[in-house]
Amino acid sequence: MKKGEIALGAFCVAFFSFMFFEAVQLHGVGRFGEVGSGFWPMLFLGVSVLLSLGWLIATLGKFFKAKGEAAAESSPEASADTRGRRKKVGLSILCIFAYILAMPWIGFILSTFFFVPAFALALEERRKLVLIISPFLVTAITILVFAKFIAIPFPRGVGIFTVFSRLFY
Amino acid sequence: MLDHYWNAFATVLLPQNILAIGLGGLWGLLAGALPGISTSMGVVLLLSFTYTLSPMTAFSMLVAAYCGGITGGSITSILFGIPGEPSSVPTVIEGHALAKQGHAAFALWTFLLCSIFGGIFSVLVMMAATPLIANFALKFGPPEFFALTILGLSVVSGLSGGSLLKGFLSCSFGLFLATIGTDGITGGERFTFDTMILLGGINFVTAMVGLLAVSEILIEAEEPFKEYKGHVGYRGMRAEMPKFSLFRKNWFNLIRSPIIGTIVGALPGAGATIASFLAYGEAARTSKEPEKFGHGAIDGLMASESANNASTGGSMTILLSLGLPGSNTTAMMIAAFMIHGMQPGPLLLSTHPEIVYGIFVAMLLSNLFLLVLTIMGIRLFLELNRLPYSVFSAAIIILCVIGAFGLQNSVDDLFVMFAFGLIGYVMRKFGIPVAPAILALVLGDMAELALRRSLLLSLGDPMILVSRPISVILLAAAVFSIVYPLFKKPKMLQGL
């Protein structure tokens with residue numbers, strides 16, 4: 001976690017510094033008393049750079065201190081557990097991204113129908129009954145409440161998917 | 001004023017608004033009760049339902065969800081020993097202990113009655129205080145509003161997490177997000193990098209859904225798949241009802257705790273958690289039976305529950321009268337106001353009095369309805385707890401997608417929401433609190449406009465910010481709230 005924190009700290013320093021220089025280019029003074037578009041961003045972005053630097057330095061300090069002390073090795077079970085968790089989160093993120101990407105193409109109803117079991121599988125759901133029934137239930141309730149009752153104009157998709165979506169909403 | 005209340009009652013008692021209060025309250029109870037969904041997340045998810053509703057119906061639903069969410073967190077606390085909300089931790093300590101001794105219904109009745117009492121107390125305070133504060137705030141100029149927003153940002157940054165530095169970093173990030181788009185005064189583009197998505201700025205509802213809800217689901221995804229099956233023997237609410245003499249014996253506690261809750265709730269960024277802990281701490285300090293604390297002290301349970309519900313009225317008072325969010329949840333309410341073309345603040349009482357007085361009445365009715373709704377909610381919650389968590393998580397993501405899409409019917413907003421979901425996940429993984437970023441996103445525009453108007457008024461002289469008594473007091477309070485945690489963090493907040 002320390003290495004990740006160092007990387008994030010360094011990223012924050014770089015990010016806020018870059019934005020600070022962008023803000024400097026925005027800085028311009030109009031009529032008397034008008035401080036320009038860049039004043040406010042420069043103010044807090046300057047503080048952000050300092051805060052990020054402080055965080056980075058503190059994290060580096062902890063890292064080198066921990067390196068000097070005897071480091072406890074993580075057990076194989078703990079490493080496997082960490083890998084398993086990262087895999088679940090990674091798959092979940094992929095599912096959500098695919099859902100959003102697919103929606104304008106295949107329509108809301110189909111993308112939701114496939115998303116539910118895919119996301120459940122990513123979270124290690126293995127019960128077949130749940131995986132089979134839940135997409136129908138969740139999609140039906142969502143369409144009934146939001147498309148029919150509240151009348152939100154969900155994407156219908158393109159081509160043949162539009163025809164399919166129009167059967168429902 | 002009586003005319004306003006008469007009209008408000010007549011409006012809120014319409015069938016559609018009563019139904020909205022019932023459904024919103026039930027949703028709030030479930031959102032508060034189910035670990036993995038917070039009250040603010042519940043309100044954000046409910047926003048998408050309210051787009052096509054009339055303003056009064058929408059706000060009735062949202063305030064009912066707010067009151068219900070704070071109350072609902074205690075159901076799991078007592079029955080399962082799992083806090084549904086951070087403000088319910090004292091309830092876990094005392095309420096769950098009582099439940100393990102076979103007094104689950106007794107604990108549930110006590111929490112419920114004290115919650116309702118605290119909620120109604122704070123609503124009455126809200127009714128009295130909002131017009132007074134709003135009238136006073138009409139005297140505020142840009143320097144005072146600037147000082148007020150800085151106070152709000154400093155309080156939430158200082159108290160929201162273990163690290164002050166990370167709290168302020170999160171706040172700065174939120175302020176940066178608020179500047180993206182078009183400058184409100186000069187009309188120039190800022191940080192858009194010539195992209196259409198960023199030209200209109202970051203929609204803060206989309207960002208909130210991502211930072212709060214999507215990131216929460218990703219964090220929950222890491223934990224081993226779980227569905228909690230066991231609960232202490234709950235045999236129904238009729239099993240054991242508390243006697244009136246119990247409340248008479250604890251009358252001072254029942255007066256003090258809602259006062260603490262209302263005042264703390266009114267502090268920008270403080271919220272129900274701090275209210276609950278402060279009242280619990282006071283009850284422990286002054287209790288005649290301090291040895292019972294930690295083992296089912298009924299006065300501790302009464303104190304935390306009446307205070308955390310009382311914070312809702314305090315938060316809403318500040319939102320309606322000053323336009324400042326008193327908590328994360330009231331920050332979501334600002335989104336609701338904007339969706340319906342209104343701006344909370346001192347002018348709201350004069351431009352839309354029917355909405356303000358309607359919200360007073362809706363909150364009063366919500367607290368009264370909570371008695372019936374909670375009894376129903378406990379049963380419903382026990383049934384919902386059987387639902388597979390994986391499917392429940394998927395449903396929450398779908399609600400987030402609907403909420404983000406429904407704002408402008410744009411798929412681009414979904415990508416923005418997804419990006420903020422990832423950002424929120426990374427922030428939480430590294431212990432950076434998300435609440436300051438959300439509040440800064442809401443308050444950032446207000447703060448900047450107030451600052452620049454102040455400097456225009458003074459022809460560039462920054463001394464205007466410290467030459468008016470109200471702004472000096474507010475800025476001093478902001479400095480105090482930044483400096484105070486450096487020297488003393490209350491023990492009860494450590495580890496939060």
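The exercises below concern two helices of chain B in a predicted model.

In this predicted model, local features need pLDDT of at least 70 and side-chain atom pairs count only at pLDDT 80 or more, while totals for chains, interfaces and linings use all residues. Residues are numbered from 1 along each chain as its sequence is written, and chains are lettered from A in the order in which they are written.

**Exercise 1.** Determine how α2(B) and α4(B) are oriented to each other.

*Solution.* Begin with the axes, which are lines fitted to C-alpha atoms over the stretch in contact, with angles running from 0 to 180 degrees between N-to-C directions. The axes of helix α2 (residues 15-33) of chain B and helix α4 (residues 55-80) of chain B come within 5 Å and cross at roughly 30°. Angles under 35 degrees count as roughly parallel, and the two helices are therefore roughly parallel to each other.

**Exercise 2.** Compare the expected span of α4(B) with the distance between its end C-alpha atoms.

*Solution.* The expected span is 1.5 Å times one less than the number of residues, so the 26 residues of α4(B) should span 38 Å. The end C-alpha atoms of α4(B) are 37 Å apart, which agrees.

**Exercise 3.** Decide whether B:P55 is buried, partly exposed or exposed, and set the result beside α4(B).

*Solution.* A residue is buried if 20 or more other C-beta atoms lie within 10 Å of its own, exposed if 12 or fewer, and partly exposed in between. B:P55, which lies in helix α4 of chain B, has 19 C-beta neighbours inside 10 Å and therefore counts as partly exposed. In α4(B), 25 of the 26 residues are buried.

Conventions
Helix = DSSP H or I, 4+ residues; strand = E, 2+ residues; numbered from the N terminus. Parallel < 35°, antiparallel > 145°, perpendicular 65-115°, else oblique.
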